[in-house]
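These exercises ask you to read a protein model one feature at a time. Work through each task with the structure open beside you before you turn to the solution.

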Amino acid sequence: MGTYDFTAEEYEARNWCHKQNIWITPVAKNNKEWYIEVRVNDDLRMSPGTYFKDDIWKKCFEFYLYYYNKLNK
């Protein structure tokens, strides 16, 4: 997988999500593409599409930010 320099806001969102039992994980389809697994408590979902190494971590943090902004009220 590629690398990604997350922002302070993305880091905060990830930590908040983990404390709420929300996990965003890359899952390899092959050596070039990854799905994104989203686990909220016991509910597990997989992204319908795949992402390449240059996009996978950015997309994971987009999911963290989505849940953080939606649920952190």
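**Exercise 1. Two asparagines in loops**

Is Asn21 buried, partly exposed or exposed? Keep in mind that the model is predicted, and then look at the backbone of Asn21 and of Asn41.

*Solution.* Begin with accessibility: buried means under 20% relative accessible area and exposed means over 50%, so Asn21, at 33%, counts as partly exposed. Next, place the residue in the fold, where Asn21 is found in the loop between α1 and β1, the strand of residues 22–28. Now turn to the backbone, where phi of Asn21 is near 65°, a positive value in a residue other than glycine. This deserves a remark, because most residues other than glycine have a negative phi. Asn41 also has a positive phi, of about 55°, although it is not a glycine. Asn41 is found in the loop between β2 (33–40) and β3 (43–46), and with a relative accessibility of 43% it counts as partly exposed.

**Exercise 2. A buried charge**

Find Glu10 and work out which side chain of opposite charge is nearest to it, and how far away that side chain is.

*Solution.* First locate the residue: Glu10 is found in helix α1, which covers residues 8–19. Glu10 is buried and yet has no salt bridge, and the nearest side chain of opposite charge, that of Lys58, is 7.6 Å away. A salt bridge needs a nitrogen of Lys or Arg within 4 Å of a carboxyl oxygen, so the 7.6 Å to Lys58 does not meet the cut-off. The next step is to ask what the side chain of Glu10 does meet. It makes a polar contact with the side chain of Tyr4, at 2.8 Å, and one of its polar atoms lies 2.7 Å from the backbone nitrogen of Thr7. Finally, when residues up to four places away in sequence are not counted, Glu10 touches Tyr4, Asp5, Phe61 and Leu65.

**Exercise 3. Cysteines and the core**

How many disulfides does the structure hold, and which residues have the most contacts inside its largest nonpolar core?

*Solution.* Take the disulfides first: the structure holds 0 of them. Cys17 is in no disulfide, and the nearest cysteine sulfur, that of Cys60, is 12 Å away. Seen from the other side, the sulfur of Cys60 is 12 Å from the closest cysteine sulfur, in Cys17, and therefore too far for a bond. Both residues are nevertheless away from the surface by the accessibility rule, since Cys17 is buried at 0% relative accessible area and Cys60 counts as buried at 1%.

Then go on to the core. The largest nonpolar core has 15 residues, and those with the most contacts inside it are Cys17, Ile22, Ile24, Ile36, Tyr64 and Tyr67. The elements that give two or more residues to this core are α1, β1, β2 and α2, the last of these being residues 56–71. Of these, α2 gives the most, with 7 residues. To follow one core residue outward, select Tyr67: leaving aside its neighbours within four places in sequence, Tyr67 is in contact with Trp16, Cys17, Ile22, Ile24, Val38, Val40 and Asn72.

**Exercise 4. Salt bridges**

How many salt bridges are counted in the model, and how far apart are the closest N and O atoms of Arg39 and Glu37?

*Solution.* The count comes to 3 salt bridges, and they can be taken one by one.

- Arg39 pairs with Glu37, with the closest N and O atoms 3.9 Å apart; here Arg39 is partly exposed at 32%, while Glu37 counts as buried at 16%.
- Asp43 pairs with Arg45, with the closest N and O atoms 3.1 Å apart; Asp43 is partly exposed at 36%, whereas Arg45 is exposed at 55%.
- Lys59 pairs with Glu62 at 3.1 Å, N to O; Lys59 is partly exposed at 24%, and Glu62 is partly exposed at 35%.

As a last step, consider where the third pair sits: Lys59 and Glu62 both lie in helix α2, 3 residues apart, which is about one turn of the helix.

Definitions and conventions. Residues numbered from 1 in each chain as written. Predicted model: local features only at pLDDT ≥ 70, side-chain atom pairs only at ≥ 80, totals over all residues. Heavy atoms only, no water. Helix = DSSP H or I, 4+ residues; strand = E, 2+ residues; numbered from the N terminus. Buried < 20%, exposed > 50% of the residue type's maximum accessible area, 1.4 Å probe, protein only. Lys, Arg positive; Asp, Glu negative; His and termini not counted. Polar contact = N/O pair within 3.5 Å; in protein donor to acceptor, adjacent residues only side chain to side chain. Contact = heavy atoms within 4.5 Å. Disulfide = S-S within 2.5 Å. Core = buried A, V, L, I, M, F, W, Y, C linked by side-chain atoms within 4.5 Å.
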